[in-house]
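Here are some exercises to work through with the model open beside you. Try each one before reading its solution.

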Amino acid sequence: MELSDWQLVEKSQAGDADAFQELVSRYHQKVFMVILGLMRNREDALEVAQETFFRAFRKIKSFQGGSSFYTWIYRIAVNNSIDAQRKQKRNPLDFHESMDGLFEARNEVAKDPFADVQDRELRENMSKAINELTPEHKAVIVLRTIEGMSYKDIGEILGCSEGTVMSRLHYARKKLQDKLSAFL
Amino acid sequence: MSPCETIQESLGPWLDGELRGADGEAVRSHVASCADCAAARGRLEKLQLTLGTVLSTEAPQLKFAPFWREVERRIEAKRPWHEQLIEWCQSTLSAPRLAWAVPAAIMLVLGLLSFAKWPVGGQADNYASVESIDAHGRNVALLRDDKTKTTIIWLYQNPEGENENVEEAAKSGPAF
Amino acid sequence: MLKKLRSPALLFSLAFLTVAGWLSAAEKNPQSVQVRIRTILGGDKGDEFDPKLKGMEQQLKPLKHRSYRLLKDDTQTVPWQDGKSFEIPGGRSLTITPQDFQDNRIGLKVRLTQGDKPLIDTTVKIANKGNFILGGPAHEGGSLVLSISAAAQ
């Protein structure tokens, strides 16, 4: 029988490394996607994702279960990403060839939904527009879009009210629409 | 603010499923009868679709084994003392804990200050001020020891009767 | 989360302030004095240092006896202006009368007698919870050393 997140958390708190490994395997891809959405750089995102799980391991004993594990891990991820973003500025979506071994093989051209020239342009401009958002605006967009999270959960992760989430989302979308008006 | 502007501000929460009941119904019925707002809805949906596609396709599928190996390496690596200190400070001095820590620290300081007043040796202010001494004709020495800040009154006794024997009286003088 | 923690933290702070205020008020108007007399025999036979005197090594060092043994350890609560006697070996008696309390210092009137004869009368002011040493009377081949401590209550 598959254990719940909370059961795995309790086992991790008791020092069971396998239980923590299972939690990492459940969330590493989603956490990486959220961080990549915020960082816009694969190398940095991977580094921050690994650091996120390392920090979660160090803090797991203090996790009381006041929120769900995924809210807690995303909170650590978002905070780490925002800190890292403020520390360094790198080229968006830049990654080193040496990192290829870390990713599953994937034929990006065949799966590319932006095969059309105009759509490819839209993708590039969208990526640029996301990169120009403030870390707070980027965070609400990424959490809502990738995870489809409720405003309540987003507010819990970012430490703000649902009203603030609503307002940030509105302004972030407006900025994206303004920058991409030629394509939308 | 015109009704369309109000509705267009609520389009996002409505499409996100965050507007229910009468509010959600008001947006739905307005969009159904207003071409401008229906177009705004279309633009927003396209934006969301594009955003979703961009964000999900730019992230490659991670291989778990090398990812976990790196996390495990960090867990097992010994961190430099300053990083451990920063981490400890961050976890210990977080706001809710601080609310308890501040009065607790004040209590601890008061406790230490109070404890320091007891004669455990070497304390700050243990000197006694001697206002009067009457040894009824006997010799008395007064000593203040700087190291322990202790005042010593030493009574030299007459050998007549009050000592247990004469020889002891001779020995009873302090060596200081 | 913070909301949940705010009220116990506030209660704790209020309780702390109340206790601190009460303790502070109690310190300003002490009702009595707790007097502790440790009677020590200083000698020169052997090198024994009584483990019960742990913490007093440095205070006894200037007396330069080779051995120290605790003979008695008495504590009594003494009201202000009221004298209480402590029995000291060798038919002696030590009477302590707390006089006043000012600037966290306690005024004490001290009288040591042997039978009916007064040996010494002295008035000292010592730090609250502090001590001083009165020594000299011969006893069992050595000297009696009295550590007189007082704490306002």
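**Exercise 1. Two odd backbone angles in chain C**

Is Gln81(C) buried or exposed, going by its relative accessibility? Then compare its backbone with that of Lys129(C), keeping in mind that this is a predicted model.

Solution. Start with the accessibility: Gln81(C) comes out at 53%, and exposed means over 50%, so this residue counts as exposed.

Next, find its place in the chain. Gln81(C) sits in the loop that links β2 (67-79) to β3 (84-88) of chain C.

Now look at the backbone. The phi of Gln81(C) is near 65°, which is positive even though the residue is not a glycine. Why is that worth a second look? Because most residues other than glycine have a negative phi.

Lys129(C) gives you another case: its phi is positive, about 70°, and it isn't a glycine either. It belongs to the loop between β6 (117-127) and β7 (130-139) of chain C. Lys129(C) has a relative accessible area of 15%, and the cut-off for buried is under 20%, so it counts as buried.

**Exercise 2. Profile the three chains**

For chains A, B and C, work out the secondary structure, the buried share and the share of long-range contacts.

Solution. Take chain A to begin with. It has nine helices and zero strands, so there's just one symbol to write in its pattern: α-α-α-α-α-α-α-α-α. Of its 184 residues, 46% are buried. Among its contacts with a separation of 6 or more, 65% are between residues 24 or more positions apart.

Move on to chain B, with seven helices and three strands. Read along the sequence, the pattern is α-α-α-α-α-α-β-β-β-α. Buried residues account for 32% of its 176 residues. For contacts between residues at least 6 apart in sequence, 28% join residues at least 24 apart.

Finish with chain C, which has two helices and eight strands, in the order α-β-α-β-β-β-β-β-β-β. Here 48% of the 153 residues count as buried, and 46% of the contacts with a separation of 6 or more come from residues 24 or more positions apart.

**Exercise 3. Check a helix with a ruler**

What should the span of helix α3 (residues 35-57) of chain B be, and what does the model give?

Solution. Count the residues: there are 23 in α3(B). At 1.5 Å a residue, they should span 33 Å. Then take the distance between the end C-alpha atoms, which is 33 Å, so expectation and model agree.

As a last step, pick out the buried positions in α3(B). Among them are Cys37(B), Ala40(B), Leu44(B), Leu47(B), Leu51(B), Val54(B) and Leu55(B), and the list also takes in Gln48(B), Thr50(B) and Thr57(B).

**Exercise 4. How α4(A) packs against two other helices**

Describe how helix α4 (residues 69-87) of chain A crosses α8(A) and α7(A).

Solution. Begin with helix α8 (residues 151-158) of chain A: its axis and that of α4(A) come within 8 Å and cross at roughly 50°. That angle is why α4(A) is called oblique to α8(A). The crossing is right-handed. From α4(A), the contact uses Tyr70(A), Thr71(A), Tyr74(A), Arg75(A) and Val78(A); from α8(A), it uses Asp153(A), Glu156(A), Ile157(A) and Leu158(A). Sorted by class, that's five nonpolar, one polar and three charged residues.

Now do helix α7 (residues 135-147) of chain A. Here the axes are 11 Å apart and the angle is about 140°, which makes α4(A) oblique to α7(A). This crossing is right-handed too. On the α4(A) side you'll find Tyr74(A), Val78(A), Ile82(A), Gln85(A) and Arg86(A); α7(A) brings Pro135(A), Glu136(A), Lys138(A), Ala139(A), Leu143(A) and Glu147(A). The classes are six nonpolar, one polar and four charged.

**Exercise 5. Zoom in on Tyr74(A)**

Which residues does Tyr74(A) touch, leaving out those up to four places away in sequence?

Solution. Place the residue: Tyr74(A) is in helix α4 of chain A. Its relative accessibility is 0%, so it counts as buried. Then list its contacts: Lys30(A), Val31(A), Val34(A), Glu147(A), Met149(A) and Ile157(A). Lastly, look at Lys30(A), which is 44 residues from Tyr74(A) along the chain; their C-alpha atoms are 9.2 Å apart.

Terms used
Residues numbered from 1 in each chain as written. Chains lettered and ligands numbered in written order. Predicted model: local features only at pLDDT ≥ 70, side-chain atom pairs only at ≥ 80, totals over all residues. Heavy atoms only, no water. Axes fitted to C-alpha atoms, helices over the stretch in contact; angles between N-to-C directions. Helix = DSSP H or I, 4+ residues; strand = E, 2+ residues; numbered from the N terminus. Parallel < 35°, antiparallel > 145°, perpendicular 65-115°, else oblique. Left-handed = near helix turned anticlockwise from the far one by under 90°. Contact = heavy atoms within 4.5 Å. Nonpolar A, V, L, I, M, F, W, Y, C, P; charged D, E, K, R; others polar. Expected span 1.5 Å × (residues − 1). Buried < 20%, exposed > 50% of the residue type's maximum accessible area, 1.4 Å probe, protein only.
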